[in-house]
Structures are given as C-alpha cells and as structure tokens.
Amino acid sequence: MSAMDTGTLKSKRKDIDGIGEVLFERSARARYINISVRAGGIVRVAVPIGVPLGRAEKVLTEKRDWVKKHQRKLRESEHTQKAMLANISSSNTAEARKVIRDRLAQLAARHGFKYNRVFIRNQKTRWGSCSSRSNINLNIKLVFLPQELMDYVILHELVHTKVRNHSPEFWKMLDQYVPGAKAMDKQLKKYSLRLLEAKLDG
C-alpha cells in the first residue's frame, strides 16, 4: 500500500488542468478537506492527517467550477485595485487624507464619540488602530475601499475609544453603529493591503 493510499504522504504541489498549480497541504488542524483561493488565484487545499492526498485531489476536481469562479472574481478584484493605484500620485495624497479626516470627524460627531489626535499613514499591515490615549491611526488606503467599509473601519476605531478590546461588549456596541459588524469585518478581509501598496508620499 502506497503512502498516498494510507494518508501519510506529506504536502505537495501539483498542476491541475484548468486551475493551475495547487498546494495540497497536510494539516493537523483541519477536520475536513478545505479548499481556499488566495491572492493571485493561488489554490490551497488543506488535507487532514490520515486522508489520502488522492482523495483531496478528487474533491478539488469535483469543485473545479467553484474554484475557477472564485479565481476569476479574485483576479478581477485585484485588477480593479491595481487600476485604482495606477491613478494615484503624490499630488492627491493630501486630498485623500482630507477625505478620511473629514469622514472621521463626521462619524464621531454624529454618534457622540471623542478622540484625541488622528494620524493617517500609508501602512502595510493594518487598516486602523486606537491607542490607550484615544489617538486614532488610519490607513490612507481606506480611500480605495467602498464607502461602507471605510465607515466600518472608522467606527471600529471610534468604538475602541470606549472599549479597548475585542470582547463581546465591543462587538455589541459596534453593532449599534454598524449592524452586522462581524459580517462587515469578513468582507473587509477580502481586500488585501498587500495588493494596495500605493506609492504615496508621507
């Protein structure tokens, strides 16, 4: 009996017709065969210990249309984001900062939030943060997001001026201002900061 038959073969990469290169990755945490499509249309298949990689490949083949659909959607999204970046220059950095500052002030006034200082930077890893002194940091790339997601990030940080953690109390309060906040948070994760490496001054 081969290693693949017994489910002991380690991770591997394989070119799948119509999909491209796929990473079949052995995972001790996975309970089921899980397929995900990542930036650039790269496909990863998490395979539980003991499950033959051949079985995972069969499942992937059965889901080929689903995978291709999500690859196409992701690539279209990446193309749109890159097109937006192509129109960005240092000349409108000040305008982008003003848009974000003004929206922060509007939402804070509307909902009765108080904050200290605001910093708007071209960050690589975070959309925003709030310090213990209620200083709010916001990513200048927020201007690339749909309005509802920009507002979500801003309100997320404003709520942190009152609740400093991500406890149930925090999400309950955020839901008062952004109904379905956790669903919005998942939607935000579809936008990759890595793809939005805007070359903005300052």
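1. The smaller topic first: 3 strands make up an open sheet in the order 5-7-6, with mixed pairing, where two strands are said to pair if DSSP finds at least two bridges between them, and where helices (H or I, at least four residues) and strands (E, at least two) are DSSP runs numbered from the N terminus. At the edges stand strand 5 (118-121) and strand 6, each of which pairs on one side only. Neighbouring strands of this sheet are turned against each other by 10° on average, direction ignored; axes here are lines fitted to C-alpha atoms, for helices over the stretch in contact, and angles run from 0 to 180 degrees between N-to-C directions.

2. Before going further, please keep in mind that this is a predicted model, in which local features need pLDDT of at least 70 and side-chain atom pairs count only at pLDDT 80 or more, while totals for chains, interfaces and linings use all residues. Residues are numbered from 1 along each chain as its sequence is written, and side-chain values use heavy atoms, with hydrogens and water left out.

3. As for the chain as a whole, the protein chain holds 7 helices and 7 strands, and along the sequence these follow the pattern α-β-β-β-β-α-α-α-β-β-β-α-α-α. Of its 202 residues, 42% count as buried, where buried means under 20% relative accessible area, exposed over 50%, and partly exposed in between (1.4 Å probe, protein chains only). Among the contacts (heavy atoms within 4.5 Å) with a separation of 6 or more, 52% join residues 24 or more positions apart.

4. Returning to the sheet of point one, strand 5 and strand 7 pair in the parallel sense over 4 bridges. Within this pairing Phe-119 stands opposite Asn-137 in strand 7, and the bridge partner of Ile-120 in strand 7 is Leu-138. The side chains alternate along strand 5, with Val-118 and Ile-120 pointing to one face and buried, whereas Phe-119 and Arg-121 point to the other and are not buried.

5. Two helices lie across this sheet. Helix 4 (residues 93-111) lies across strand 5 and strand 7 and runs at about 145° to strand 5, while helix 5 lies across strand 6 and strand 7 and runs at about 165° to strand 7.

6. Asn-137, in strand 7, deserves a closer look: is this residue buried or exposed? Asn-137 counts as buried because its relative accessibility is 14%. Its side chain makes a polar contact with the side chain of Arg-121 (2.5 Å), a polar contact being a pair of N or O atoms within 3.5 Å, of which, within protein, one must be able to donate a hydrogen and the other to accept it, and for which residues adjacent in sequence count only if both atoms are side-chain atoms. Leaving aside neighbours within four places in sequence, Asn-137 is in contact with Phe-119, Arg-121, Trp-127, Gly-128 and Ser-129.

7. In the loop between strand 6 (128-130) and strand 7 (136-139) one finds Ser-134, which has a positive phi of about 65° although it is not a glycine. Ser-134 is buried, with a relative accessible area of 12%.

8. The other sheet is open too, with 4 strands in the order 1-2-4-3 and mixed pairing. Strand 1 (12-16) and strand 3 (34-38) stand at its edges with a single partner strand each, so one side of each is left without a neighbour in the sheet. The twist averages 25° from one strand to the next. Strand 2 (residues 20-27) and strand 4 (residues 42-48) run parallel and are joined by 6 bridges, and Val-22 has Val-43 in strand 4 as its bridge partner. Helix 2 (residues 53-62) packs on the sheet and touches strand 1, strand 2, strand 3 and strand 4, its direction making about 135° with that of strand 2.

9. Finally, in helix 6 (residues 168-177) the residues Phe-170, Trp-171, Met-173 and Leu-174 are buried. Seen down the axis of helix 6, the buried residues fall within an arc of 165°, so they line one face of the helix; the arc is that of the directions from the helix axis to the C-beta atoms. The face turned away from the buried side of helix 6 carries the exposed residues Pro-168, Glu-169, Lys-172 and Gln-176, and the cover over the buried residues includes helix 5 (147-159) and helix 7 (181-188).
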